[in-house]
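Trainee: Please pick one part of this model and go through it closely. I would like to see how that part connects to what surrounds it.

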Amino acid sequence: PMKIPFSPPYIDNDVINEVVDALQSGWITTGPKVKALEHEIKQFTGTKEVLCVNSWTSGAIMMLKWWGVKEGDEVIVPAYTYCATALAVMHAGAKPVMVDSGEDFNISIEAIRKAITPKTKAIIPVDIAGFPCDYNAIMKLVNEPKIKDLFTPETENQRKLGRILVLNDAAHSLGAWYEKEESRTGSETDIAIFSLHAVKNITTAEGGAICFNLPEPFDNGALYEELRMMSLNCQTKDAFSKSKAGGWRYDVIGFGMKINMADVNAAIGLAQIRKYNELLKERKRVFQLYNEAFSKYDWAILPPKEKDGRETSYHLYALRINNFTEEKRDAMIDEIAKQEVAVNVHFIPMPMLTFFKQQGYNIDDYPVAYDNFKREISLPIYPQLTNDQVQYVIDAVISAYEKVK
């Protein structure tokens, strides 16, 4: 049988050469390669400014701290996401308010509306599998007069914006279209954060990229400078400037974090994003082959691909099996594994995880999230997969279904 891993990183000679270039330059931490990667992501997404950091999670914590959330504040998140979405809120001192999903895996707009209280300071929608949330609806919602009236600003930044902050968890969606052929994700909310973790479409091994799109009177260029400093302990000079002869004196002017990205990491993503349009085409090819095969079966529910001008980044192929229980889905995964095909499940809803149960969250409150999870299987999808390998995965899934049903 073929052996098919779930999500190996895309490493070719260009990636290797870019990393070697960083190593030989004598400069391996935050410097020119990080700046270049920020520039590439900015060009690619059309966002106002981009700041690269060492992970999605630390970037989200920093932005929530910058926004000024504190104990007693609430941040609305979907129950159906990876734990980092809620953990970042808790690390920043606020309470995650979990809400249910819709049929497309993403956060339910109606559920958001019902969850808003005078304590709500931010909403973190998540683009599950790379398919963008309905941001037109979300931005419209937070701008409604009666929703704005509920908002109680307590910091200078909150007074400046005058409404709930929308921070897009775009961990999966770098490369997705939010308005067909016009704007990509990263440019559609106040702040969006991409993950550049090892399994993502573009990776720096570990990393994240924060996109700034705040409306006036915010100045996104000044924000970039301020938050770049905040990501380096609020030190007035970065190591690159300090390394110049005689440039040793610095000051620390605020309470920062230490979450910068290193050049040696940025180099990996830099080589990848320069050919990202090609890599996206290959991901789409795999997605389409799955769609063609599984659309012939009424037991297979195809994942969201395009709707109202939104198009996925083809990060995950989240197949759902009609009328399946969690036990049957697990049995099906065991069968697929016997064929040496690695599949995955995205995600175990947070209320099902021990830590969140201890905080009092209960999966019974999130029926759609549970329903999506119990019959979901994520199939391998990445540029290196050949058509024969994709066919092998398809056959493994179909025969596993036949055995288990």
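Mentor: Start with strand 1 (49–53): 5 of its 5 residues are buried, so strand 1 is largely enclosed by the rest of the structure. Keep in mind throughout that this is a predicted model. In a regular strand, side chains alternate between the two faces of the sheet. In strand 1, Glu-49, Leu-51 and Val-53 point one way, while Val-50 and Cys-52 point the other way, and all are buried.

Now look at the partner. Strand 1 is joined to strand 9 (residues 208–212) by 5 bridges, and the two run antiparallel. One of the matched positions is Glu-49, whose bridge partner in strand 9 is Phe-212.

This pair belongs to an open sheet of 7 strands, in the order 1-9-8-5-4-2-3, with mixed pairing. Strand 1 and strand 3 (95–99) stand at the edges with a single partner strand each, so one side of each has no neighbour in the sheet. Neighbouring strands of the sheet are turned against each other by 25° on average, ignoring direction.

Go across to the other edge for comparison. Strand 2 (residues 74–78) and strand 3 run parallel and are joined by 5 bridges. There, Val-75 has Pro-96 in strand 3 as its bridge partner. Helix 4 (residues 84–91) lies across strand 2, strand 3 and strand 5 (165–169), and runs at about 150° to strand 3.

Next, the nonpolar cores. The largest has 111 residues, and those with the most contacts inside it are Met-63, Trp-66, Tyr-290, Phe-294 and Met-332. Helix 16 (residues 387–404) contributes the largest share of this core, with 10 residues. There is also a second, separate core of 21 residues, and this one leads back to strand 1: Cys-52 is among its members, along with Val-34, Ile-41 and Ile-273.

Ile-273 is in turn one of the buried residues of helix 11, among them also Asp-263, Leu-270 and Gln-272. Helix 11 (residues 263–273) is mostly covered, with 9 of its 11 residues buried. What covers those buried residues includes helix 1 (13–25), helix 2 (32–45) and helix 12 (276–294).

Helix 12 brings us to the aromatic residues. Phe-287 and Tyr-314 have ring centres 5.0 Å apart and ring planes at 80°, so this pair is edge-to-face. Phe-287 is in helix 12, and Tyr-314 is in the loop between strand 12 (310–311) and strand 13 (317–321), 27 residues apart. Both Phe-287 and Tyr-314 are buried. A second pair, Phe-324 with Tyr-401, is stacked, at 5.5 Å from centre to centre and 20° between the planes. Phe-324 is in the loop between strand 13 and helix 13 (326–338), Tyr-401 is in helix 16, and they are 77 residues apart. Phe-324 and Tyr-401 are both buried. Ring pairs join these four residues and others, including Tyr-290, Phe-294 and Tyr-317, into a cluster. Leaving aside residues up to four places away in sequence, Phe-294 touches Trp-299, Tyr-317, Leu-319 and Ile-398, among others.

Tyr-317 and Leu-319 are part of strand 13, which can be read in the way strand 1 was. Strand 13 is mostly covered, with 5 of its 5 residues buried. Tyr-317, Leu-319 and Ile-321 point one way, Ala-318 and Arg-320 the other way, and all are buried. Strand 13 runs antiparallel to strand 10 (residues 300–301), to which 2 bridges join it. In that pairing, Ile-301 stands opposite Arg-320. Strand 13 also runs antiparallel to strand 14 (residues 376–379), with 4 bridges between them. Here, Ala-318 stands opposite Ser-378.

Finish in helix 16, where Val-393 is found. Val-393 has a relative accessible area of 0%, and the cut-off for buried is under 20%, so Val-393 is buried. Not counting residues up to four places away in sequence, Val-393 touches Ile-4, Tyr-290, Val-341 and Pro-380. Val-393 and Val-343 are 50 residues apart in sequence, while their C-alpha atoms are 9.4 Å apart in space.

Terms used: Residues are numbered from 1 along each chain as its sequence is written. This is a predicted model: local features need pLDDT of at least 70, side-chain atom pairs count only at pLDDT 80 or more; totals for chains, interfaces and linings use all residues. Side-chain values use heavy atoms; hydrogens and water are left out. A nonpolar core is a set of buried Ala, Val, Leu, Ile, Met, Phe, Trp, Tyr and Cys residues joined through side-chain atoms within 4.5 Å. Buried means under 20% relative accessible area, exposed over 50%, partly exposed in between (1.4 Å probe, protein chains only). Contact means heavy atoms within 4.5 Å. Two strands pair if DSSP finds at least two bridges between them. Axes are lines fitted to C-alpha atoms, for helices over the stretch in contact, and angles run from 0 to 180 degrees between N-to-C directions. Rings of Phe, Tyr and Trp (its six-membered ring) pair if their centres lie within 6.5 Å; planes under 30 degrees apart count as stacked, over 60 as edge-to-face and the rest as tilted.
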